Amino acid sequence: MENPGKTSAEVKAPSRESFVLAGVAIHNLSFAETVGRMREFLLRGGRGYVVTPNASHICMLQEDRELREIYENASFVLADGMSIVFASRLLGSPLPERCSGADLFTSLCEVLAPLKMGVFLLGGQGGAEKIAEAKLRREYPGLVVHSYSPPFGFENDPGETAGIIDLVNRSGAQVLFVFVGTPKSERWIYRNFAGLRVQLALSLGQALSFYTGSHRRAPRWMQRVGLEWFYRLCQEPGRLWKRYLIGNTRFLYLVAKQFFKRGEACESKSR
């Protein structure tokens, strides 16, 4: 399948050696390095998109061919979940830290503001995108902000998609943030990137809800020890129990499988 998001103008982001988990290559970058690389990427005319895997995404990728292809063609693949950081340490290729999408959202806006660059917020419920738009303008003077919340099922409506692409392009934004959930965000960006004039598109899940305060983030200590998933499960058990209780079990299986395979390979080399 041809990559619908690839263009001749696309520039791949340079990175250090990646950590590969269950077939997914994740960039070995600290949070500060990530923000700096993205700023540099934009200033030198790069074009690409960003994905931020967590344990649930790693499991999805095992069975979803298109999603795996999307990850393989991303300019930045960043560990959003602490579970991935812990797995990297166990498997002998430690990542320096997680690159949370929620933190990346505000940090990227902060570095874009002095450059007078523009961002477009796609997604949001109950007017959250407009609340975020006004808040970003207050907090980051110089940042040009536009937003739009599409109707349910927009990804399957060619007319709506064409309208969104036109809206984003007319805004003149350099960066597009998409907040409509995984894997919908990633698929929409990938399938429509060639028609967008933005330089960088990011799928950031719940980052908008956290920024506007409609959802509370876990305390920092829970984030650091990898319990943010538990905090979210307690907030929305009916919606998230399957993702976390079944998904986390499968993720542990994938990590264990790679750990023992790695051990067998090391043992064979020592013979």
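Student: What volume does the second largest pocket have?

Tutor: The second largest pocket has a volume of about 190 Å³. On a 1 Å grid over the protein atoms alone, a pocket is an open set of points with protein on both sides within 12 Å along at least five of seven lines, whereas a cavity is a set where a 1.4 Å probe fits but cannot get out. Lining residues have an atom within 4 Å of a point. Grid points are joined across faces, edges and corners, and the volume is the space filled by probe spheres set on the points. This is a predicted model, in which local features need pLDDT of at least 70, side-chain atom pairs count only at pLDDT 80 or more, and totals for chains, interfaces and linings use all residues. Residues are numbered from 1 along each chain as its sequence is written, and side-chain values use heavy atoms, with hydrogens and water left out.

Student: Which elements give two or more residues to the lining of the second largest pocket?

Tutor: Helix H4 (82-90) and helix H10 (220-224) do. Helices (H or I, at least four residues) and strands (E, at least two) are DSSP runs, numbered from the N terminus. The lining includes Met-82, Val-85, Arg-89, Arg-220, Gln-223 and Arg-224. By class it divides into four nonpolar, two polar and six charged residues. Here Ala, Val, Leu, Ile, Met, Phe, Trp, Tyr, Cys and Pro count as nonpolar, Asp, Glu, Lys and Arg as charged, and the others, Gly among them, as polar.

Student: How many cavities of 30 Å³ or more does the structure hold?

Tutor: One. The largest cavity has a volume of about 30 Å³, and its lining has five nonpolar, two polar and two charged residues. Among them are His-27, Asn-28, Leu-95 and Cys-99. Pro-96, Glu-97 and Arg-98 line the largest cavity and also appear in the lining of the second largest pocket.

Student: How should I read the sheet, and in what order do its strands stand?

Tutor: Strands of a sheet pair through backbone hydrogen bonds, either parallel or antiparallel. Two strands are called paired if DSSP finds at least two bridges between them. In this model six strands form an open sheet in the order E4-E3-E8-E7-E5-E6, with parallel pairing. Strand E4 (76-77) and strand E6 (144-148) are at the edges with a single partner strand each, so one side of each has no neighbour in the sheet. Helix H1 (residues 31-43) packs on the sheet and touches strand E3 (48-51), E4, strand E7 (175-179) and strand E8 (200-203). Contact means heavy atoms within 4.5 Å. The direction of H1 makes about 145° with that of E8; axes are lines fitted to C-alpha atoms, for helices over the stretch in contact, and angles run from 0 to 180 degrees between N-to-C directions.

Student: Which residues stand opposite each other in these pairs?

Tutor: Strand E5 (residues 118-123) pairs with E6 over five bridges, and Leu-122 is opposite Tyr-148 in E6. E3 pairs with E8 over three bridges, with Gly-48 opposite Leu-200. Two bridges join E3 to E4, where Val-77 is the bridge partner of Val-51.

Student: Are the faces of E3 covered or open?

Tutor: Both are covered: Gly-48 and Val-50 on one side, and Tyr-49 and Val-51 on the other, are all buried. Buried means under 20% relative accessible area, exposed over 50%, and partly exposed in between (1.4 Å probe, protein chains only). Of the 271 residues in the protein chain, 51% are buried.

Student: What backbone geometry deserves a second look?

Tutor: Most residues other than glycine have a negative phi, and most peptide bonds are trans. Ala-22 has a positive phi of about 50°; it is in the loop between strand E1 (19-21) and strand E2 (24-26), and counts as buried at 15% relative accessibility. Lys-116 has a positive phi of about 60°. Lys-116 lies in the loop between helix H5 (101-112) and E5 and counts as exposed at 59%. A cis peptide bond, with omega about 5°, joins Thr-182 and Pro-183. Pro-183 is in the loop between E7 and helix H8 (184-192).
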